[in-house]
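Colleague: Please take a close look at one part of this for me, the contact between the chains. I'd like a connected story rather than a list.

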Amino acid sequence: MPLSHPFRLGLYLTAVVAVTLIHQPAVLLLLLAGILLLSGKGRIALALRALRPVIWILLLISAGYLLMGWITGQAVLAALALINLRVLVIALLTVWMVRDTDLDRALARWPRARRWLVVVRGQMQLFRRLVDDYRQAQKSRASVPPTLRQRYLGSAAIGLAALDKGVHNAELVTLAMRSRGALDE
Amino acid sequence: MHIPDGLISPQTYLPALVLAAPLWWWAGRQFARRVGDEALPRLAVFTALAFVLSSLMLPLPGGTSGHAIGVGLLTLIFGPWVAFLGYTLVLLLQALVMGAGGITSLPVNALAMGFVGAWTAYLLFRLLSPLRAEVAVFVAVATSVLLSALLVALLLGLQPLIAQAPDGSPRFFPFGWSVTLPAVLLPHLFIGLAEAALTVLVWRHARKRRWLPASVSSTA
């Protein structure tokens with residue numbers, strides 16, 4: 001039976017808190033395997049997506065703590081396994097929830113939060129697109145890479161233009177939402 | 001300076017949640033009272049800008065990351081309560097969309113960067129308002145970034161003291177203050193200055209476009 005989106009969100013929040021109460025690496029390893037098994041098709045992509053944002057932080061912590069253990073002669077492997085596995089399990093749970101839960105539907109009971117989320121998400125895409133457009137335009141018009149000063153000036157100009165465009169665009173979205181009755185709460 | 005999920009103990013994030021929840025509720029009330037439909041698009045744009053600013057991250061040896069925050073800018077334009085709420089949304093989106101920060105660490109990150117950052121910027125800006133406005137913005141934002149970083153470093157360094165296994169090994173973040181304080185604070189000294197300069201630039205633009213509230217415009 002498919003679970004409702006608010007229920008999935010609630011389940012995810014409960015699971016994340018529960019994972020921080022588990023302190024046995026073997027249990028966390030089992031959980032990690034279980035999530036990968038249950039997440040179905042695309043599990044490798046899911047695992048890579050979970051790993052990407054945390055890998056450098058985990059590597060830095062692990063390398064630093066291994067070095068500290070080596071210097072002080074302390075056994076650090078069990079603690080490192082616990083910390084790494086816990087971070088990975090939560091990261092995997094998060095990307096799984098994001099993939100299989102529609103946040104718009106999960107937030108259906110809170111229309112203002114939902115509206116804010118929609119507009120902010122739209123703006124983020126707009127900013128990303130503007131920055132990409134600017135980079136491509138700069139690449140296509142110059143045979144040599146820009147100097148640091150040119151980059152700063154260019155970034156400032158594009159940033160302020162993006163702000164103006166963003167405000168204008170968001171006002172249009174709000175007007176459109178209002179005309180369709182989306183703001184009548 | 002986001003703290004990821006899994007590095008913060010329940011002994012830290014549960015009290016932080018108890019502290020943050022009524023503040024979020026109160027901020028929500030302030031938001032409903034102060035932000036009308038006409039200001040919402042602008043708020044969304046500046047929230048998105050804060051998202052972009054704090055998404056450009058560099059992992060730091062202290063177990064966190066270095067990046068601009070953007071909460072000072074939100075504060076100067078919308079006030080500290082709305083900025084706190086807006087930045088909480090930024091943190092939530094970053095946790096869900098980019099995997100930066102996290103859900104259990106959300107109250108800790110929101111309090112350190114959103115609440116403390118916003119109120120530091122707001123109070124310092126008010127205090128320094130007799131000075132040239134750009135100087136007040138610069139000092140307020142740079143100090144707010146540093147203070148938030150200090151709080152994050154203190155909370156991270158606290159973990160090995162409060163969450164240990166019976167054999168004394170850490171269950172969450174393993175390094176103490178001797179590592180977290182220099183590792184988090186030193187990079188944020190430069191990040192704070194860069195963010196303050198950037199905020200002055202955008203703040204001047206906002207003033208030119210008359211996006212600032214009357215109370216801030218009158219001090220500028």
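Modeller: Let's start with a word I'll lean on: a residue is buried if 20 or more other C-beta atoms lie within 10 Å of its own, and exposed if 12 or fewer do. Keep in mind, too, that this is a predicted model.

With that cut-off in hand, look at chain A, where buried residues make up 25% of the 185 residues. In chain B, 60% of the 220 residues count as buried. The overall outline of chain A is worth a glance here. A compact globule of 185 residues would have a radius of gyration near 16 Å, but that of chain A is 23 Å. Its C-alpha trace spans about 60 × 55 × 30 Å along the principal axes.

What is chain A built from? It has seven helices and zero strands. A domain assignment divides the chain into domain 1 (5-105) and domain 2 (110-179), and the centres of those two domains, taken over C-alpha atoms, lie 33 Å apart. Chain B is a mix: it has eight helices and two strands. Reading chain B from the N terminus, you pass two helices, then the two strands, and then six helices in a row.

Both chains have plenty of contacts that reach across the sequence. Take the contacts in chain A with a separation of 6 or more: residues 24 or more positions apart account for 76% of them. The matching share in chain B, for contacts between residues at least 6 apart, is 72% joining residues at least 24 apart.

Now to the contact itself. It takes 44 residues from chain A and 40 residues from chain B. On the chain B side, α2 (40-55), α4 (80-98) and α7 (177-208) each supply at least two residues, and the largest share, 10 residues, comes from α2(B). Sort that side of chain B by class and you get 27 nonpolar, nine polar and four charged residues.

The nonpolar theme carries on in the largest nonpolar core, which has 108 residues; the members that touch the most others are A:Val89, B:Ala50 and B:Tyr87. Helix α4 (residues 77-100) of chain A gives this core its largest share, 15 residues. The core also draws at least three residues from each of domain 1 and domain 2 of chain A. If you want one residue to click on, try A:Val89: leaving aside neighbours within four places in sequence, its contacts are A:Val19, A:Leu28, A:Leu31, A:Leu32 and A:Ile35.

Another residue to click on in chain A is A:Leu46, which sits in helix α3 (residues 43-72). It has 20 C-beta neighbours inside 10 Å, so it counts as buried. Apart from residues up to four places away in sequence, A:Leu46 touches A:Ser39, A:Val95, A:Trp96 and A:Arg99. A:Leu46 and A:Ala91 are 45 residues apart along the chain, with 9.9 Å between their C-alpha atoms.

For contrast, go to A:Thr147, in the loop between α6 (111-141) and α7 (148-179) of chain A. That residue counts as exposed because it has 9 C-beta neighbours inside 10 Å. A:Thr147 and A:Thr72 are 75 residues apart in sequence and 47 Å apart in space, C-alpha to C-alpha.

Back on the other side of the contact, α4(B) deserves a moment, as one of the helices that supply residues there. It is mostly covered, with 15 of its 19 residues buried. Its length checks out as well: at 1.5 Å a residue the 19 residues should span 27 Å, and the end C-alpha atoms are 25 Å apart, which agrees.

There is a glycine on each side of that helix. B:Gly79 lies in the loop between α3 (71-78) and α4 of chain B, while B:Gly99 follows α4(B) and has a positive phi, near 75 degrees. With 20 C-beta neighbours inside 10 Å, B:Gly79 counts as buried because it meets the cut-off. B:Gly79 and B:Arg34 are 45 residues apart along the chain, and their C-alpha atoms are separated by 9.5 Å.

How values were computed
Residues are numbered from 1 along each chain as its sequence is written. Chains are lettered from A and ligands numbered from 1 in the order in which they are written. This is a predicted model: local features need pLDDT of at least 70, side-chain atom pairs count only at pLDDT 80 or more; totals for chains, interfaces and linings use all residues. Two residues are in contact if their C-beta atoms, placed from the backbone, lie within 7 Å. Helices (H or I, at least four residues) and strands (E, at least two) are DSSP runs, numbered from the N terminus. Ala, Val, Leu, Ile, Met, Phe, Trp, Tyr, Cys and Pro count as nonpolar, Asp, Glu, Lys and Arg as charged, and the others, Gly among them, as polar. The expected span of a helix is 1.5 Å times one less than its number of residues. Domain bounds come from an automatic or database domain assignment. A nonpolar core is a set of buried Ala, Val, Leu, Ile, Met, Phe, Trp, Tyr and Cys residues joined through C-beta atoms within 7 Å. The radius of gyration is taken over C-alpha atoms; the globule rule is 2.2 Å times the number of residues to the power 0.38.
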